[in-house]
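Me: I would like to go through this chain by question and answer. Please keep each reply short and end it on the value or name I ask for.

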Amino acid sequence: MSDGIQLYPFSDGSIKPCEGWTAPRGNGLNEVLEKAFGGLAGEWFEYEKTDGTIKTVRLRDKNESFLVHYVARAVSGGGRSKDRPNELRIQTDPADANALAQINAEGGSAFLIGVYRNGDAEALAVWRPLGTTKAKGSISKQIACETVAKALTNGIAKETYPGGETTVFAIKPELFRGLISITDESELPRGILRRN
């Protein structure tokens, strides 16, 4: 690793610097989310409402439908390329994270979703806020390049922060819907997903 150079995952699972890389915005971000909401089979979904930056989408399969509340942000370099060149992050408003935690506390399904795109490499970083924060200003949620790279080659990868209180999953967009469609909560990865 070079000192002061940000690293990024590629679709083949490699991690290296990428000149001119930019985080997905606007249509690029929405294209990746629509792959996630449609899943492998391109199933039906509909945007329900927007409450500030919190959005709601209804996912429907043959037998049922369910709501997913989310805040989506572009995954970007971690901002500490000298100390942690392999760190990626999203930044969000603490009020949004707290509102998502409240939805989860009431039995809903609410997520912070980081959208990563680097050429044909696409992945989501997914956090399920379970507790509130008193932070002022924006908050950062980090994910290691290695976790995203594993998801790009294996479909899904899990990272637990030191202390074990926070878990983030990296997942290929088209697999996101299948993961949240699991109906038996005992089969779900710890600390991430629950049906409403």
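The turns below move from the whole chain to its helices, its aromatic rings and a few single residues.

Me: What mean pLDDT does the chain have?
Reply: The model is predicted, and confidence varies along it. Of the residues, 86% score at least 70. The average pLDDT for the chain is 84.

Me: Which element has the highest mean pLDDT?
Reply: Among the elements of the chain, helix α4 (residues 173–180) has the lowest mean pLDDT, 84. At the other end, with a mean of 96, is helix α3 (residues 145–154).

Me: Over which residues does pLDDT stay under 50?
Reply: The model has 43 contacts beyond four places in sequence for this stretch. The stretch in which pLDDT stays under 50 is residues 183–196.

Me: How many helices and strands does the chain have, and what share of its residues is buried?
Reply: The secondary structure comes to four helices and twelve strands. The chain has 196 residues. The buried share is 45%.

Me: Among contacts between residues at least 6 apart in sequence, what percentage join residues at least 24 apart?
Reply: The count leaves out pairs that are closer in sequence than 6 places. Of the contacts that remain, the share joining residues at least 24 apart is 57%.

Me: What distance does helix α2 reach from its first C-alpha to its last?
Reply: Helix α2 covers residues 94–105, twelve residues. At 1.5 Å a residue the expected span is 16 Å, and the model comes close to this value. The helix reaches 16 Å.

Me: How wide is the arc that the buried residues of α2 cover around the axis?
Reply: The buried residues of α2 are Pro 94, Asp 96, Ala 97, Leu 100, Ala 101 and Asn 104. They lie on the same side of α2, because the arc they cover around the axis is only 160°.

Me: Why can buried positions in a helix share a side?
Reply: An α-helix has 3.6 residues a turn. Residues three or four places apart therefore point the same way.

Me: Which strands are included in what covers the buried residues of α2?
Reply: The cover comes from several places along the chain, with β4 at residues 54–60, β8 at 110–118 and β10 at 139–144. The strands included are β4, β5, β7, β8 and β10.

Me: What separates the C-alpha atoms of Asn 104 and Leu 130?
Reply: Asn 104 lies in helix α2 and is buried, with a relative accessible area of 2%. Leu 130 is 26 residues from Asn 104 along the chain. Their C-alpha atoms are separated by 6.5 Å.

Me: Which residue follows α1, with a positive phi?
Reply: Helix α1 has 13 residues and reaches 18 Å from its first C-alpha to its last. Its buried residues include Leu 29, Val 32, Leu 33 and Phe 37. The residue after α1 has a phi near 70° and is Gly 39.

Me: How are the rings of Phe 37 and Tyr 70 arranged: stacked, edge-to-face or tilted?
Reply: This is a pair in a structure that holds six aromatic pairs. The ring centres are 5.3 Å apart and the planes stand at 55°, so the pair is tilted.

Me: How many residues apart in sequence are the parts that this pair of Phe 37 and Tyr 70 ties together?
Reply: Phe 37 is buried at 0% relative accessible area, and Tyr 70 is buried at 2%. Phe 37 lies in helix α1 and Tyr 70 in strand β5, so the pair ties together parts whose separation in residues is 33.

Me: At what distance from the ring centre of Trp 44 does Arg 60 lie?
Reply: Lys 16 lies over the face of Phe 10, at 4.6 Å from the ring centre. Arg 60 lies over the face of Trp 44, and its distance from the ring centre is 4.2 Å.

Me: Is Asp 61 buried, partly exposed or exposed?
Reply: Asp 61 lies in the loop between β4 and β5. Beyond four places in sequence, Asp 61 touches Glu 43 and Arg 177. Its relative accessible area is 25%, and buried requires under 20%, so Asp 61 is partly exposed.

Methods
Residues numbered from 1 in each chain as written. Predicted model: local features only at pLDDT ≥ 70, side-chain atom pairs only at ≥ 80, totals over all residues. Heavy atoms only, no water. Phe/Tyr/Trp six-rings, centres within 6.5 Å; stacked < 30°, edge-to-face > 60°. Helix = DSSP H or I, 4+ residues; strand = E, 2+ residues; numbered from the N terminus. Buried < 20%, exposed > 50% of the residue type's maximum accessible area, 1.4 Å probe, protein only. Lys NZ or Arg CZ within 6 Å of the ring centre and 35° of its normal. pLDDT = per-residue confidence, 0-100. Contact = heavy atoms within 4.5 Å. Expected span 1.5 Å × (residues − 1). Arc of directions from axis to C-beta.
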